[in-house]
Amino acid sequence: VELVESGGGSVQPGGSLRLSCVGSGFTFNTYAMGWARQVPGKELEWVSGIFSDGTTYYLDSVKGRFTISRDNAKNTVYLQMNNLNFEDSAAYYCATHYGSIWRGKEGMFHRGGGTRVSVSS
């Protein structure tokens with residue numbers, strides 16, 4: 001299994017970024033996929049997830065600003081992040097998920113190498 005993230009970078013508050021993650025080595029369309037983030041000194045936590053049927057999950061702090069989507073034909077999951085703020089600065093990881101709970105890092109299975117998002121003025 002391989003997950004490769006891209007799209008991170010530096011933006012000003014209020015800016016936008018779109019993260020992408022390409023998966024290989026597994027049957028992508030049958031897996032729930034998600035994005036998690038980690039700030040130094042804090043635990044990794046799910047930010048958003050999408051089940052194989054398209055049902056989505058969002059951490060409360062990103063609802064209305066982030067949108068997760070997937071393109072099974074391209075084995076890719078996206079995270080559109082709008083109206084970014086300082087608290088969104090973190091390393092973002094794409095991961096496969098099992099089960100139905102998106103709390104903390106529960107259900108995280110395979111994980112990519114991450115892409116860094118920095119929000120600063």
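Here are some notes on the predicted model, going from the whole chain down to two residues around strand β7.

1. Overall make-up. This is a strand-and-loop chain: 11 strands and zero helices. Reading from the N terminus, the element string is simply β-β-β-β-β-β-β-β-β-β-β.

2. Size and packing. The radius of gyration is 13 Å, which agrees with the value near 14 Å that a compact globule of 121 residues would have. Along the principal axes, the C-alpha atoms fill a box of roughly 40 × 25 × 25 Å. Of the 121 residues, 43% are buried. The accessible surface comes to about 6,100 Å², with 46% of that belonging to carbon and sulfur atoms.

3. Contact range. Take the contacts between residues at least 6 apart in sequence: 58% of them join residues at least 24 apart.

4. The sheet I'd look at. Four strands make an open sheet in the order β1-β3-β8-β7, with antiparallel pairing. β1 (2-6) and β7 (66-71) are the edge strands; each has a single partner, so one side of each is left without a neighbour in the sheet. Ignoring direction, neighbouring strands in this sheet are turned by 15 degrees against each other on average.

5. Strand β8, between two partners. Residues 76-81 form β8, which pairs with β7 in the antiparallel sense over six bridges. On the β3 side (residues 17-24), six bridges again join the strands, and these too run antiparallel. For anyone checking register, Leu19 has Leu79 of β8 as its bridge partner. How enclosed is β8 by the rest of the structure? Largely so, because five of its six residues are buried.

6. The β7-β8 hairpin. β7 and β8 form a hairpin with four residues between them. Within the turn, Asn75 takes a positive phi of about 50 degrees. Two pairs help fix the register here: Asp71 is the bridge partner of Thr76 in β8, and Arg70 stands opposite Val77 in that strand.

7. Thr67, on the edge strand. Thr67 is found in β7. Is this residue buried or partly exposed? Thr67 counts as partly exposed, at 42% relative accessibility. Setting aside residues up to four places away in sequence, Thr67 touches Tyr78, Leu79 and Gln80, and also Tyr58. Gly49 lies 18 residues from Thr67 in sequence, and their C-alpha atoms are 9.5 Å apart.

8. Arg65, in the loop before β7. Arg65 is placed in the loop between β6 (56-58) and β7. This arginine is buried, with a relative accessible area of 12%, which puts it below the 20% cut-off for that label. Which backbone atom does the Arg65 side chain reach? That is the backbone oxygen of Asn83, at 3.0 Å. Leaving aside neighbours within four places in sequence, Arg65 is in contact with Gln80, Met81, Asn82, Asn83, Leu84, Asn85 and Asp88.

9. Where I'd look in the viewer. I'd follow the hairpin of β7 and β8, then move to Arg65 and its 3.0 Å approach to the backbone oxygen of Asn83. Gln80 is a handy landmark along the way, being among the contacts of Thr67 and also among those of Arg65.

Technical notes. Residues numbered from 1 in each chain as written. Predicted model: local features only at pLDDT ≥ 70, side-chain atom pairs only at ≥ 80, totals over all residues. Heavy atoms only, no water. Pairing = 2+ DSSP bridges. Axes fitted to C-alpha atoms, helices over the stretch in contact; angles between N-to-C directions. Buried < 20%, exposed > 50% of the residue type's maximum accessible area, 1.4 Å probe, protein only. Polar contact = N/O pair within 3.5 Å; in protein donor to acceptor, adjacent residues only side chain to side chain. Contact = heavy atoms within 4.5 Å. Rg over C-alpha atoms; globule rule 2.2 N^0.38 Å. Areas by Shrake-Rupley, 256 points an atom, 1.4 Å probe, with all protein chains shown as cover.
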